[in-house]
Amino acid sequence: MFKFIKKLFRRKDKMGEQNINLSEVENIIMWYFASRKYREMKDGNDYYRGKHDILFRQRTAIGENGELTEIHNLPNNRIVDNQYKKLVKQKVNYIISKTPSIKSENQEYDNKLNELFDKNFLKILKRVTTDVYNNGLGWLFLYVDETGKLRFKRLNSVEVIPVWLDNEHEELDYAIRVYSREIYKNGTYDTENYVEIYRKSGVEYYKMNNTKLTAIEKKAYLSVDDKPYNWQKIPLICFKADELEQSLLKRVKSLQDALNTLISDFMNNMQEDSRNTILIIKNYDGENLGEFRRNLSTFGAVKVREDGEVSSLQVEVNASNYESIVKLLKKTIIENGGGFDSKADTLGNNPNQLNIRSMYSDIDLEANDFETEFQASFEEMIWFVANHLKNTGQGDFIKEKVEVVLNRDILVNESQAISDIRNSVGIISEETLVAQHPWVTDVQEELARMKKENSEQEMQEQTDYGNFRNVAHNRNGDINE
């Protein structure tokens, strides 16, 4: 069964790789979960989902001993204005919303690559790109399913601990994946922790109790006729936004927290009316302040003596000041995060392509870095694809050069773009012109349609010309008769 796959993989017993040191792995796992990097990755995921620090804020005041004490009788709004998620989605969709263009000089190879990197792959790639911005790294695992087809699987970046061979983080020694699984036992669910170690010699599975690992089994990346086979490389592809491997949140967290705090404080101040703010009381006709507050909250009125008076000490809330600072914070989040303001007045009444490019300048600059890293990761992926195709008898494309270009989702002035394309006819190739047209999504399909239409038009013109000649011939004949 699947004998052709044997060519693709190396026999496990020929690897010569030594057993891994479990104590080293246990220490790496302990260090990782205590590291700042892990906390930053968790924060990136939490903030993307809307779980911000403001949700845990408490209203405090100086107590009797001069220490801050939590108070419960004042408004405590915890409002999340999730500009961070908007920024991440903006960058991901700008870069990966369209299927990347993958081209080689071999048309057969092109067809196989486009068949493999389909819409489902694009969906997985978008999730990996989201991981890149939330966690600094994204991971894609390649495997061959039971039918012999190459598949892709996203691994949660928080679960993966890479162990690199070099300081540039380009070559893996091995990778550790730590994850939890809920197991139903005795009428309830228990959480059990597991560890997978990805090496050139295959995958090793362990169960983790506290910090100790207990071996479960070892598997090659594929088993054919009960014989294990492995890739020549670890089939894990790492994606990065840049060389820093830094989450996007690290650049904008303080600004996002300030925005949440400002909006929450504004709501607190608006709700702090005479029933819960500082009151000035003269000749109160009652027992104690607690009763006074209770009557005020219940009836909206208080009883005072003949010469008594109740007034409030209020701080005027200037809404325009809040609005200005909120606007400034949102703009600063966009600038520090390398996004673009879709509501800006940059375009004005003159939305030409130069103004549009100016609006996209910051996000374009970062997209260039991302594309460089992306192409390096894709080159690693293409190695697995080419070897898979060769050893499954689908063609030898290992020496073929593949060009990968990200099709960025940029706003264009369609009228100007179409006019520029029309003016370039006869100067550059038809394929290039079609690729630049804003209405075209599939260049090859559009060229095929144009070829078909031209062919049909030529046939119609020949038919019309033939009919015309027949009519003319008949008329001449009638005249001669």
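# A guided tour, starting from E26

Begin by selecting E26, which, once neighbours up to four places away in sequence are set aside, is in contact with T211, K212 and L213. The model on screen is a predicted one, and the stops below move from this residue to a helix, then to the aromatic rings, and finally to the chain as a whole.

Stay with E26 for a moment and colour helix 1, the stretch of residues 22–33 to which E26 belongs. Is E26 buried or exposed? With a relative accessible area of 11%, E26 is buried, because the cut-off for that label is under 20%. Now add T211 to the selection and draw a line between the two C-alpha atoms: E26 and T211 are separated by 185 residues in sequence, yet their C-alpha atoms lie 6.2 Å apart in space.

Next, select residues 249–271, which make up helix 6, a run of 23 residues that spans 31 Å from its first C-alpha to its last, close to the expected 33 Å. If you follow the axis of helix 6, look for a kink of about 25° centred on L255. L255 is also one of the buried residues of helix 6, and among the others are Q256, D257, N260 and N268. To see what covers these buried residues, show helix 2 (36–48), helix 3 (83–96), helix 5 (119–135) and helix 8 (319–337), which are included in that cover.

Turn now to the aromatic rings, of which the structure holds 22 pairs. One of them joins Y32 and F33 edge-to-face, with 5.3 Å between the ring centres and 65° between the planes. Within this pair, Y32 is buried at 4% relative accessible area, whereas F33, at 35%, counts as partly exposed. Then select F117, F121, Y133, F152, F239, F370, F374 and F378 together, since ring pairs link these residues into a cluster.

Two lysines are worth a stop on the way out. K85 lies over the face of Y48, 5.5 Å from the ring centre, and K240 is placed over the face of W164, at 5.4 Å from the centre of that ring.

Finally, zoom out to the whole protein chain, which has 13 helices and 17 strands. Of its 481 residues, 37% count as buried, and the chain exposes about 29700 Å², with carbon and sulfur atoms supplying 46% of that area. Among contacts in the chain with a separation of 6 or more, 65% are between residues 24 or more positions apart.

Terms used. Residues are numbered from 1 along each chain as its sequence is written. This is a predicted model: local features need pLDDT of at least 70, side-chain atom pairs count only at pLDDT 80 or more; totals for chains, interfaces and linings use all residues. Side-chain values use heavy atoms; hydrogens and water are left out. Helices (H or I, at least four residues) and strands (E, at least two) are DSSP runs, numbered from the N terminus. The expected span of a helix is 1.5 Å times one less than its number of residues. The bend at a residue is the angle between axes fitted to the seven residues ending there and the seven starting there. Buried means under 20% relative accessible area, exposed over 50%, partly exposed in between (1.4 Å probe, protein chains only). Contact means heavy atoms within 4.5 Å. Rings of Phe, Tyr and Trp (its six-membered ring) pair if their centres lie within 6.5 Å; planes under 30 degrees apart count as stacked, over 60 as edge-to-face and the rest as tilted. A charge sits over a ring if NZ of Lys or CZ of Arg is within 6 Å of the ring centre and within 35 degrees of the ring normal. Accessible areas come from the Shrake-Rupley method with a 1.4 Å probe; for residues, only the protein chains shown count as cover.
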